[in-house]
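Work through the following exercises with the structure in view, and try each task before reading its solution.

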Amino acid sequence: MKFLVCISNVPDTTTKITFTPDGKALNTAGVQFIINPYDEMALTRALEIKEAQGSGTVTVINVGTATTEPTLRKALAIGADDAIRVNAEPVDALFVATEIANITKAEKYDVILTGRESIDYNSGQVMGMIAELMGIPSVAVATKLDISGTTATLEREIDGGKEVVSVSLPFAASAQKDMAEPRIPNMRGIMSARTKPLKVVEPTVADKPTVALSHQNPPAKSACKMIDAEHPEELIKLLHTEAKVI
């Protein structure tokens with residue numbers, strides 16, 4: 001069984017986000033990048049299934065420049081067999097999905113996994129777009145994944161309960177927390193990652209569909225106003241005149 005796990009290269013959650021002087025890009029100076037946490041859960045589950053079955057391969061893929069290779073090497077250290085990097089800036093979800101779908105069609109992977117969303121842009125669109133471009137089933141935001149033969153069983157949370165679905169291979173799915181406990185690379189994995197294949201391919205889409213015009217930080221929170229408990233009418237007045245919620 002062939003797994004393809006899509007990896008996003010994202011800033012660490014503790015990073016203070018700033019932008020370049022022209023506002024058109026993230027200021028990467030001093031930023032620590034990591035594997036997107038939801039993607040790491042998808043990778044771990046793919047490795048668990050491969051190990052349980054005793055055969056198969058797990059490939060990780062990223063659309064990004066050479067600066068993302070340390071993140072791919074970490075995925076290899078965790079246990080992936082090989083990696084693919086599409087040498088392009090990931091300008092938007094459709095561009096990323098198209099590049100991954102084109103590679104997937106050629107290599108014929110059985111299972112394509114992503115995280116539920118990347119923690120930087122939080123769009124959650126790539127997995128569904130990949131499935132649509134390939135014409136295969138998709139299951140979004142799954143918390144469990146098991147595969148028997150050519151059928152996969154997935155579980156996901158819905159309003160008021162849980163939903164269990166089954167799909168035939170090939171299919172695509174996005175991982176939510178609880179799908180797997182992310183692994184920490186050991187020394188053996190770190191050493192072997194240096195020699196595992198990391199293939200770099202050029203993008204197939206020539207024109208970038210989206211151009212970022214500007215970025216800006218959200219406005220700072222305004223100061224908190226304290227109201228004397230003895231004067232509730234003051235609170236009502238502020239909610240009406242300033243907050244405009246009543």
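**Exercise 1.** Determine in which hand α1 passes α2 in this predicted model, and describe how the two helices pack.

*Solution.* Step one is the hand of the crossing: α1 passes α2 in a right-handed crossing. Step two is the geometry, for which we take helix α1, residues 37–53, together with α2, and find that they pack at an angle of about 30°, with their axes 10 Å apart. Step three is to name the arrangement: since angles under 35 degrees count as roughly parallel, α1 is roughly parallel to α2. Step four is to list the residues that touch, which are E40, L43 and L47 on the α1 side, and K74, A75 and I78 on the α2 side. Step five is to sort the residues of this contact by character, which gives four nonpolar, no polar and two charged.

**Exercise 2.** Find which residues of helix α2 are buried, and then look at the residue that follows the helix.

*Solution.* We begin with the extent of helix α2, which covers residues 69–78. Its buried residues are T71, L72, A75, L76, A77 and I78, where buried means under 20% relative accessible area. Two of these names, A75 and I78, also appear in the contact with α1. After α2 comes G79, and the phi of G79 is positive, near 145°.

**Exercise 3.** Describe how α3 and α4 cross, and state which residues make their contact.

*Solution.* First, we locate the helices, with α3 at residues 93–107 and α4 at residues 126–134. Their axes come within 8 Å and cross at roughly 45°, and that angle makes α3 oblique to α4. Next, we consider the hand, and find that α3 passes α4 in a right-handed crossing. The contact is then made, on the side of α3, by A93, L94, V96, A97, T98, I100, A101, T104 and K105, while α4 brings V126, M129, I130, L133 and M134. Finally, the residues of this contact divide into eleven nonpolar, two polar and one charged.

**Exercise 4.** Place these helices in the protein as a whole by stating how many helices and strands it has, and how much of it is buried.

*Solution.* Counting the elements gives six helices and twelve strands. Of the 246 residues in the protein, 38% are buried. The accessible surface comes to about 14100 Å², of which 53% belongs to carbon and sulfur atoms. As a last step, we take the contacts between residues at least 6 apart in sequence, and find that 69% of them join residues at least 24 apart.

Note on methods:
Residues numbered from 1 in each chain as written. Predicted model: local features only at pLDDT ≥ 70, side-chain atom pairs only at ≥ 80, totals over all residues. Heavy atoms only, no water. Axes fitted to C-alpha atoms, helices over the stretch in contact; angles between N-to-C directions. Helix = DSSP H or I, 4+ residues; strand = E, 2+ residues; numbered from the N terminus. Parallel < 35°, antiparallel > 145°, perpendicular 65-115°, else oblique. Left-handed = near helix turned anticlockwise from the far one by under 90°. Contact = heavy atoms within 4.5 Å. Nonpolar A, V, L, I, M, F, W, Y, C, P; charged D, E, K, R; others polar. Buried < 20%, exposed > 50% of the residue type's maximum accessible area, 1.4 Å probe, protein only. Areas by Shrake-Rupley, 256 points an atom, 1.4 Å probe, with all protein chains shown as cover.
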